[in-house]
Amino acid sequence: MELRSNIPSGPIEQKWEKHRFEMKLVNPANKRKYSVIMVGSGLAGASGAASLAELGYEVQCFCYQDSPRRAHSIAAQGGINAAKNYQNDGDSVYRLFYDTVKGGDFRAREANVHRLAELSVNIIDQCVAQGVPFAREYGGLLANRSFGGAQVSRTFYARGQTGQQLLLGAYQALERQIGLGKVKMHTRHEMLELIVIEGRARGIVTRDMITGQIESHLADAVVLATGGYGNVFYLATYAKGCNGTAIWRAYKKGAAFANPCFTQIHPTCIPVHGEYQSKLTLMSESLRNDGRIWVPKKPGDTRRPDQIPEGERDYYLERKYPSYGNLAPRDISSRAAKQVCDEGRGVGPGGRGVYLDFADAIKRLGQDAIREKYGNLCDMYERITDENPYQVPMRIYPASHYTMGGLWVDYNLMSTVPGLHVLGEANFSDHGANRLGASALMQGLADGYFVIPYTIGHYLASTPQQKVEKGHPEVKRAEASVAERGKKLLAVKGKRTVDSFHRELGQIMWEHCGMGRNEAGLKAALDKIPALRERFWHDVTVPGSDADLNQSLEKAGRVADFLELGELMCRDALERRESCGGHFREEYQEEDGEARRDDDSFCHVAAWEYAGDDKAPIRHQEPLAFENVHLTKRSYK
Amino acid sequence: MNLKLHVWRQQGEKDRGRFVTYEARDVSRDMSFLEMLDVVNEGLIQAGQEPIAFDHDCREGICGMCGMVINGRAHGPRKATTACQLHMRSFEDGEEITIEPWRAAAFPVIKDLVVDRGPLDRIIAAGGFISAPTGSAPDANAIPIPKQKADLAMDAAACIGCGACIAACPNASAMLFVSAKISQLGLLPQGQPERDLRARKMVAQMDAEGFGTCTNHGECEAACPKEIRLEFIARMNRDFIKASLADRGESKRSEGAG
């Protein structure tokens, strides 16, 4: 397998413009002759599908939910970064580029990140034009706030519902195209296989989740915008339905999987409170603008927070990282929370929690000001925990939130399977080993609105293809394999539920491939996961049939894939013998507990090639060159 | 605590459906309502029965996918709270709870508590947008928008499209949902060029989908998990009447923007 990144030559700030000129075009009258499949309808999928249809391509879009508006981008709370420099505080495209490369701990591709920073400004323009009601100042201009890993205010927001408003903007653009007949939308359809013919991606096989019908859909190019795989941990801030099946099917059809071990554990989530727990809820990073994080200085201190005097509190982020304070990046903040809890200083039941305290901000600004900024988050916290965060500090703990890893793509966002493009969280390209807050929305929309419309045209214009018929043997084979797999899951008729397997996998992953990883633990996980997978296929029980709505069957297919994907994550984490970003190998740390990167051996992307179910996957490397932001030890002190 | 659940079970659109009673034992007060149903379902699966089908996804009250009528109220007893954010501390030990799908002619039942809310997407597709093709936008700060207007637009934009307003309305009217989008876009300067057309097209689609009309019961506002206000319906009516009058004086050749 060859990893050709196709990064354009020339100075970094001119690469994208030069590339846009050099790419081939499809003339306007010919665009309707080309068809594109878009899987997923979140920020990347909806914006991409709408933009491609506006250009004139025939688009089919798929989502597993009942409406494209439900995609989990909707739950992003805090904001979206853009280098507008409206605050006159020293921001620029170059600074956003620099912050993102450094924030990713030097494991992202410079050229992609620079393009992302350039496009960030267009995204805000586009969204305002669509009617996204961003927060504004009294003068009528757009407001900003700060997010982790940055010393400027460049985050645009719509209360605590930024993802919702951006997604609804993209959804409305998509619905407009559906109304015009340019996009055919397939809701409640799940992609279960990729169709590859003569080495190129030509379609997908889906299951209609209401009728159970297995159908194939063919096109000239396929785009996956199916999100991340963080639900491998079972407990996560993801929606319950989020899954890795689409990218895992693509991986097994030849798409390389890059940096699977780069997962983001978000520092501010509501702690676990019971065994029946089905998901974890994020409390936006924006809260760290005004909330201060602390634990008692003394281990085992069980006093109520208001009984602990100021001098006996440890504001550990402010202490360890004075220049960034409570806005230290996510990987660092999460690890610091784990550390204080490991020391026995955690708060709340089970001792797995730290305080996020608004008392000072309320004293300074008044409760109304805090309510205006974070009201919906505080209400949500209260509904879940039955505690009033205006009176008692919030209790928070890290949880699985995002995956920086994903399918490997080149500069054109094309995977190692020609014709298969990957957008948003589903690809690996822009965030390196750690994503900064408010950058996921930026990447999803940059990929969908402003990258794929150009690069897919280039692919189509330079790739003459024959039409594929539904009777093609490869199409029939793909359909048959999907149908057979469903039958196989139903036929096990064991004793354990799908959820019980998923929960067990999550525990293994959290323990051995979570915030702290080490060789012995990863090796143990690599023993446990195949054994669990074996048990799954012998002892799972999936009631009902494959011919109607069957939520157990849907889950079973996804968990079966997670049981394979989790193993690849551990394998990748084992091979990456360094600490960087969210990947913290306990063997590789500085004396003060900071991550120790090894640029000599690991300044590369690890891209895994599937070699067969009974063979170990092959690890390939794409070297990373840092020509603009020089490799330095990342410091937020 | 222990509860008795009366749950609507229906195999498909053609099945007549019926209530089935289940016991939910050892329920924790800190569980969410959907987690309580998860536990019941795990029990059903282990007993070899089909679990209760219900829609849900984000479980943090924003995707709008979950929705069920709990003891006669859309999303249950707690104000401004979706079913997924409702916690069992809102119930008493020994309580009997009735759980039904959204009931509306325009929302056929797919299975158990799962209904088809496709009509809401079709209303948006008819006109619930601002036509701003990618790449055509001016600078985001080129048009200042008074904060009060932007805030009011955001209040309307908070709608999650769950359909509770329709389930709660005795007429199964979708006017709160439609008015929220018409108000959001009509309040913003970017939404002005298509304002009349939008009102006409969305209302026409709403009628075509078989939703009832508004007779000012106010049940929609009471049930809305995002507290979308009735005043938006007044706004929509104003826009619609104005648009209908304006329609008579417009060139017929200008149609087709949507």
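This is a short conversation about reading a predicted model.

Visitor: Let's start where the two chains meet. How many residues does each chain bring to the contact?

Guide: Chain A gives 63 residues and chain B gives 67 residues. On the chain A side, helices that each supply at least two residues include α3 (43–55), α5 (110–130) and α12 (440–461). The largest share, nine residues, comes from α6(A).

Visitor: How many residues of each class are on the side of chain A that touches chain B?

Guide: That side has 22 nonpolar, 25 polar and 16 charged residues.

Visitor: Now a helix pair. At roughly what angle do α15(A) and α16(A) cross, and what does that say about their directions?

Guide: Angles over 145 degrees count as roughly antiparallel. Here the axes of α15 (residues 519–539) of chain A and α16(A) come within 9 Å and cross at roughly 165°, so the two helices are roughly antiparallel to each other. The crossing is left-handed.

Visitor: Which residues meet there?

Guide: From α15(A), they include Leu522(A), Ile529(A) and Phe536(A), and from α16(A), Leu563(A), Cys570(A) and Leu574(A) are among them. By class, the residues of this contact are twelve nonpolar, one polar and six charged.

Visitor: And the sheet in chain B: what is its strand order, and which strands stand at the edges?

Guide: It is an open sheet of five strands with mixed pairing, in the order β2-β1-β5-β3-β4. β2 (18–24) and β4 (73–74) of chain B each have a single partner strand, so one side of each has no neighbour in the sheet. Further in, β1(B) and β5(B) pair in the parallel sense over four bridges, and Val7(B) stands opposite Ile99(B) in β5(B).

Technical notes. Residues are numbered from 1 along each chain as its sequence is written. Chains are lettered from A and ligands numbered from 1 in the order in which they are written. This is a predicted model: local features need pLDDT of at least 70, side-chain atom pairs count only at pLDDT 80 or more; totals for chains, interfaces and linings use all residues. Two residues are in contact if their C-beta atoms, placed from the backbone, lie within 7 Å. Ala, Val, Leu, Ile, Met, Phe, Trp, Tyr, Cys and Pro count as nonpolar, Asp, Glu, Lys and Arg as charged, and the others, Gly among them, as polar. Axes are lines fitted to C-alpha atoms, for helices over the stretch in contact, and angles run from 0 to 180 degrees between N-to-C directions. Angles under 35 degrees count as roughly parallel, over 145 as roughly antiparallel, 65 to 115 as roughly perpendicular and the rest as oblique. A crossing is left-handed if the near helix is turned anticlockwise from the far one by less than a right angle, and right-handed if clockwise. Two strands pair if DSSP finds at least two bridges between them.
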